[in-house]
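Here is a brief report on one protein chain. Please have the sequence and the structure open as you read.

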Amino acid sequence: IMPSLVGSEMCIRDRCQVMAPALAQVAAELRGRVRVVKVDSDAATALASELRVQALPTLIAFRRGAPVHRAEGALSAQAIRRICDEHLLSPETRNT
């Protein structure tokens with residue numbers, strides 16, 4: 001199972017996806033090593049509830065299907081990459 005990073009945000013009147021550019025950058029950098037998934041918490045309320053999203057934006061890192069890290073609030077691409085390096089990537093795949 002590929003490690004996954006789930007970013008949960010809400011879209012309100014064109015103010016959509018605060019972390020979208022940072023998530024897109026990290027997704028491009030880690031393509032094939034980490035699956036990045038964006039969830040609109042307003043449209044997918046059942047999933048947001050299942051993931052226990054209480055603040056927006058929320059980022060959840062999953063390894064082997066289990067959450068291993070959770071962060072709330074907007075994050076930079078560098079902060080998201082650090083989470084991936086620390087919680088999702090093996091030492092052999094971090095620097096490539």
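The text below goes from the overall fold to the cores, then to single residues.

**Overall fold**

The model is predicted. The chain holds 3 helices and 4 strands. Read from the N terminus, the elements follow the order β-α-β-α-β-β-α. The radius of gyration is 13 Å, close to the 12 Å that the globule rule gives for 96 residues, so the chain is as compact as a globular protein of that length. The C-alpha trace spans about 40 × 25 × 20 Å along its principal axes.

Buried residues account for 36% of the 96 residues. Contacts between residues at least 6 apart in sequence can be split by separation: 63% of them join residues at least 24 apart.

The surface comes next. About 5800 Å² of the chain is exposed, and carbon and sulfur atoms supply 50% of that area. The chain carries 13 positive and 10 negative charges, whose mean positions lie 4 Å apart.

**The nonpolar cores**

In soluble globular proteins, nonpolar side chains tend to be buried together. Here, the largest nonpolar core has 16 residues. Leu5, Leu59, Ile80 and Cys84 have the most contacts inside it. Three elements give two or more residues to this core: α1 (20–29), β3 (58–63) and α3 (77–87). Of these, α3 gives the most, with 4 residues.

A second core is separate from this one and has 7 residues. Val6, Ala48, Leu51 and Phe62 are among them.

**Helix α3**

Which residues of α3 are buried? They are Ala77, Ala79, Ile80, Arg81, Ile83 and Cys84. An α-helix has 3.6 residues a turn, so residues three or four places apart point the same way. The buried residues of α3 pack against β1 (4–9), α1, β3 and β4 (66–72).

Ile80 shows this packing at the level of one residue. Leaving out residues up to four places away in sequence, Ile80 touches Leu5, Met19, Ala22, Leu23, Val26, Leu59 and Leu75.

**Ser8, Ser41 and Thr93**

Three further residues can be set side by side.

| Residue | Place | Relative accessibility | State |
|---|---|---|---|
| Ser8 | strand β1 | 2% | buried |
| Ser41 | loop between β2 (35–40) and α2 (45–50) | 9% | buried |
| Thr93 | segment after α3 | 27% | partly exposed |

Why does Ser8 count as buried? Its relative accessibility is 2%, and buried means under 20%. Ser41, at 9%, also counts as buried.

The contacts of the two serines follow, again without residues up to four places away in sequence. Ser8 touches Val39, Ser41, Val53, Leu56, Pro57 and Thr58. Ser41 touches Ser8, Glu9, Met10, Ala48, Val53 and Leu56. The two serines therefore touch each other, with contact meaning heavy atoms within 4.5 Å. Val53 and Leu56 appear in both lists. Ala48, a neighbour of Ser41, also belongs to the second core.

Thr93 is partly exposed, with a relative accessible area of 27%. How far apart are Thr93 and Leu30 in sequence and in space? They are 63 residues apart in sequence and 9.3 Å apart in space, C-alpha to C-alpha.

Conventions:
Residues are numbered from 1 along each chain as its sequence is written. This is a predicted model: local features need pLDDT of at least 70, side-chain atom pairs count only at pLDDT 80 or more; totals for chains, interfaces and linings use all residues. Side-chain values use heavy atoms; hydrogens and water are left out. A nonpolar core is a set of buried Ala, Val, Leu, Ile, Met, Phe, Trp, Tyr and Cys residues joined through side-chain atoms within 4.5 Å. Buried means under 20% relative accessible area, exposed over 50%, partly exposed in between (1.4 Å probe, protein chains only). The radius of gyration is taken over C-alpha atoms; the globule rule is 2.2 Å times the number of residues to the power 0.38. Accessible areas come from the Shrake-Rupley method with a 1.4 Å probe; for residues, only the protein chains shown count as cover. Lys and Arg count as positive and Asp and Glu as negative; His and the chain ends are not counted. The place of a charge is taken as NZ of Lys, CZ of Arg, CG of Asp or CD of Glu.
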